[in-house]
Amino acid sequence: TPNEDGVNDILYVRSNYIDQMELIIINRWGQEVFTSTSVDNGWDGKFKGSDLPSGTYFYVFDAGDGSTVQKGFLIIKR
């Protein structure tokens, strides 16, 4: 809920075991709205500095080990 209430406003990947990673967030039209290759870089629900609307967003996460790729969806509620 990136609603600036200080609770879960930024989506981070957290792990002590990830050396490499890629997280991609995609909107319902297939446009990439966020990409990160660092656990220190999280998504705040914005694209090009503007808040994205409430809705369903998809993610692809690759832990970089050649075998771990996870896909799913996120729901943003403002």
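These are my notebook entries on the strands and the nonpolar core of this structure.

**Entry 1: the model.** I am working from a predicted model.

**Entry 2: strand β1.** I started with β1, residues 22-26. Is this strand mostly covered or mostly open? I found it mostly covered, with four of its five residues buried.

**Entry 3: β1 and β2.** Next I looked up the pairing with β2, residues 32-36. Four bridges join β1 to β2, and the two strands run antiparallel. I noted one pair by name: Leu-23 has Ser-36 in β2 as its bridge partner. The two strands make a hairpin, with five residues between them. I checked the turn and found Gly-30 there, with a positive phi of about 85°.

**Entry 4: β1 and β5.** How many bridges join β1 to β5? I counted five, again with an antiparallel run. Glu-22 stands opposite Asp-62 in β5. Ile-25 has Tyr-59 in β5 as its bridge partner.

**Entry 5: β5 and β6.** I then followed β5, residues 55-62. This strand also pairs with β6, residues 69-76, in the antiparallel sense over eight bridges. In that pairing, Phe-61 stands opposite Gln-70 in β6.

**Entry 6: the core.** Last, I looked up the largest nonpolar core, which has 13 residues. Which members touch the most others? I listed Leu-23, Ile-25, Val-33, Trp-43, Tyr-57 and Phe-61. β1, β2 and β5 each supply at least two residues of this core. The largest share comes from β5, with three residues.

**Entry 7: a general note.** I wrote down one rule to keep beside the strands. In a regular strand, side chains alternate between the two faces of the sheet.

Note on methods:
Residues are numbered from 1 along each chain as its sequence is written. This is a predicted model: local features need pLDDT of at least 70, side-chain atom pairs count only at pLDDT 80 or more; totals for chains, interfaces and linings use all residues. Side-chain values use heavy atoms; hydrogens and water are left out. A nonpolar core is a set of buried Ala, Val, Leu, Ile, Met, Phe, Trp, Tyr and Cys residues joined through side-chain atoms within 4.5 Å. Buried means under 20% relative accessible area, exposed over 50%, partly exposed in between (1.4 Å probe, protein chains only). Two strands pair if DSSP finds at least two bridges between them.
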